[in-house]
Every structure is written in C-alpha cells, then in structure tokens.
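Dear colleague,

I am passing on to you the structure we talked about, and I would be glad if you looked through it slowly with the notes below beside you.

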Amino acid sequence: MARPRYTALLMIVTIDGVAASGKSSVSSGVAQALGVPYVSSGLLYRAATLLGLEADLDLRGAPDLLNLLGAHPVRLEPLAGGNRVWQGERDLTDDLHSTRVDRGVSVVAALPEVREWVDAQLRALPEPFVAEGRDMGTNVFPHAPHKFYLTASARIRAERRARERPEDVPAIEADLQRRDELDTVQSAPAPDALVIDTGPLDLQGVIDTILTRLH
Ligand SMILES: Nc1ncnc2c1ncn2[C@@H]1O[C@H](COP(=O)(O)OP(=O)(O)O)[C@@H](O)[C@H]1O
Ligand SMILES: Nc1ccn([C@H]2C[C@H](O)[C@@H](COP(=O)(O)OP(=O)(O)O)O2)c(=O)n1
C-alpha cells in the first residue's frame, strides 16, 4: 500500500496534555507514521528529578540542581520508537518512571531555571519532530503549525497507568490529580491546539485522529 503523504513531514507537531493522557505512546505512533523522531520533554524533567533525588538534594533548590546538571550533562536521544536519556555512558531511561520520580517531578518542573535548561535542549534539536509535554505548543514551539492536546478523566488515566505501576488505581488516581494541580501553570492548551478526549478512543484511534489532520 502506498504510504500516505503528510504535509507536516518537515515541521514540528506538538502533542501536549495532562499526566498519563497518552502523550508518549501517541507521539511515538504519530512520529513513526510520519517517519520522524519524537521528543519527550517530560523525560528531561524526570532526569533532573532522578539525579536530584540520588544526590540527596532539596528538590526546591534550583542552584544545587543546576550545578549538578552542569557538572554531569544529560542528553536526550529522540528516537521514533522511544526516547532515551543519557548521562555520559549511563542510560537513565529505565529509572525515570518510578513512583518516587513521579512524586518529585512537579516540584522540579516548577523551577524556572530547570525549565530554561529543558527548553534550551529542545530548541537545539534538528527539525522535523513530534514534541510532547505540557508547554510544547504554548511556550517552546509556539510557531508549530500542528498542535494537539490530550485529555481523559483521572480515573481512566489511572486505570491505564495501573498496568505500569505497582500501586492500585485509587492511589495512582490521587497522585495524578495532585500532579495535575501542581502542573496547572504550564499545562494550559495552546489556543490553536485541537483538544482530544482520549477516554472513548483506543491508542490507534487517537493516533489516527491526529494523522487525519496532518494530510
Ligand atoms: N487511548 C488509549 N487507550 C488505551 N490505553 C492508552 C491510550 N493512550 C495511552 N494508553 C496507555 O496509557 C498508558 C499511559 O500512556 P503514556 O503514553 O505513557 O502517557 P503520557 O505520556 O501522557 O504519560 C500507557 O500504558 C499507554 O499504553
Ligand atoms: N513540557 C513539560 C513536560 C513535563 N513537565 C513536567 C510535568 C510532569 O508532572 C512531569 C513529567 O512529565 P511526563 O510527560 O514525563 O509524565 P506524565 O505524562 O505526566 O506521567 O514533568 C512539564 O512541566 N513540562
């Protein structure tokens, strides 16, 4: 079958949304269909959090955290199938989705200095790509021609995430709601984003909804 032609092929596509709304799975599917990499901005916030926790730092203290990140630089490797994060030769990726990192990351993401550190790395990446996070369409790539924003109820998101975490659905739902609140400032949809309620859709349904907009 002939591969569909996408006008978005040489541009940036942004996919923002609340926690566990499907951003990384959907971005990976869209990126693979477009034949471009996807970029997971949340992994950089998670890496800063992991390294701060490992160094026993107070996560509210930007100077110490920035010193640490400056001394041991972190690199995001944006692949279409799944992003990886490196610190030198160490692959941090598999340690970034623990409950401990989930619970600390919003505090770190609220630090303006850390946001600048992440944004600078993202803006240095070669286009085209699909970028996912909270503020890709509003703050980091406001000129992107195609923007999407994923939502779903906290219960549905918790049920999905429960397949990846040891905690039960109510505990995960409470954590997600707490994080939604802490992340509110940077999580507003761009005015020109298409908001997609992923609740009634399966993964492929969300990917197809986006791809039909990119022809
Ligand atoms: N529309 C969907 N239907 C069913 N499961 C989904 C859907 N979107 C995502 N998922 C699943 O929900 C979980 C969270 O998705 P993920 O892509 O990690 O979200 P995010 O990047 O927003 O945190 C994953 O297990 C993923 O496979
Ligand atoms: N562009 C971004 C991406 C993530 N963040 C913050 C907010 C989130 O709580 C954490 C982790 O985001 P990530 O997308 O990796 O994970 P969730 O989908 O929220 O589970 O980072 C942000 O503030 N801005």
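How many residues surround ligand 2, and which are the closest? The model is a predicted one, and in it 17 residues surround ligand 2, with Ala19, Gly42, Tyr45, Ala109 and Gly133 the closest. At least two residues of this shell are supplied by each of α2 (41–54) and α4 (99–109), and the largest share, five residues, comes from α2. Sorted by class, the shell around ligand 2 holds six nonpolar, five polar and six charged residues.

Ligand 1 can be described in a similar way. Around ligand 1 there are 17 residues, of which Gly22, Lys23, Ser24, Ser25 and Arg160 come nearest. The elements that contribute two or more residues to this shell are α1 (23–34), α7 (154–161) and α9 (203–214), and α1 gives the most, with three residues. The classes here are five nonpolar, six polar and six charged residues.

Since α1 has now come up, please look at this helix by itself. It consists of 12 residues and reaches 16 Å from its first C-alpha to its last, which is close to the 16 Å expected at 1.5 Å a residue. Its buried residues are Lys23, Val26, Ser27, Ser28, Gly29, Val30, Ala31 and Leu34, and what covers them includes the strands β1, β2, β6 and β7 (146–151) as well as the helix α9. Lys23 therefore appears twice in these notes, because it is among the residues that come nearest to ligand 1 and is also buried in α1. Just after the helix, Gly35 takes a positive phi of about 75°.The strands form the next part of the picture. Strands of a sheet pair through backbone hydrogen bonds, either parallel or antiparallel. In this model five strands form an open sheet in the order β2-β6-β1-β7-β8, and the pairing is parallel. Because β2 (38–40) and β8 (194–197) stand at the edges, each with a single partner strand, one side of each is left without a neighbour in the sheet. From one strand to the next, the twist averages 20°.

Within the sheet, strand β1 (residues 12–17) and strand β6 (residues 129–133) run parallel and are joined by five bridges. Asp16 has Gly133 of β6 as its bridge partner, and Gly133 is also one of the residues closest to ligand 2.

With best wishes

Conventions:
Residues numbered from 1 in each chain as written. Chains lettered and ligands numbered in written order. Predicted model: local features only at pLDDT ≥ 70, side-chain atom pairs only at ≥ 80, totals over all residues. Near = placed C-beta within 6 Å. Helix = DSSP H or I, 4+ residues; strand = E, 2+ residues; numbered from the N terminus. Nonpolar A, V, L, I, M, F, W, Y, C, P; charged D, E, K, R; others polar. Pairing = 2+ DSSP bridges. Axes fitted to C-alpha atoms, helices over the stretch in contact; angles between N-to-C directions. Expected span 1.5 Å × (residues − 1). Buried ≥ 20, exposed ≤ 12 C-beta atoms within 10 Å, placed from the backbone. Contact = placed C-beta atoms within 7 Å.
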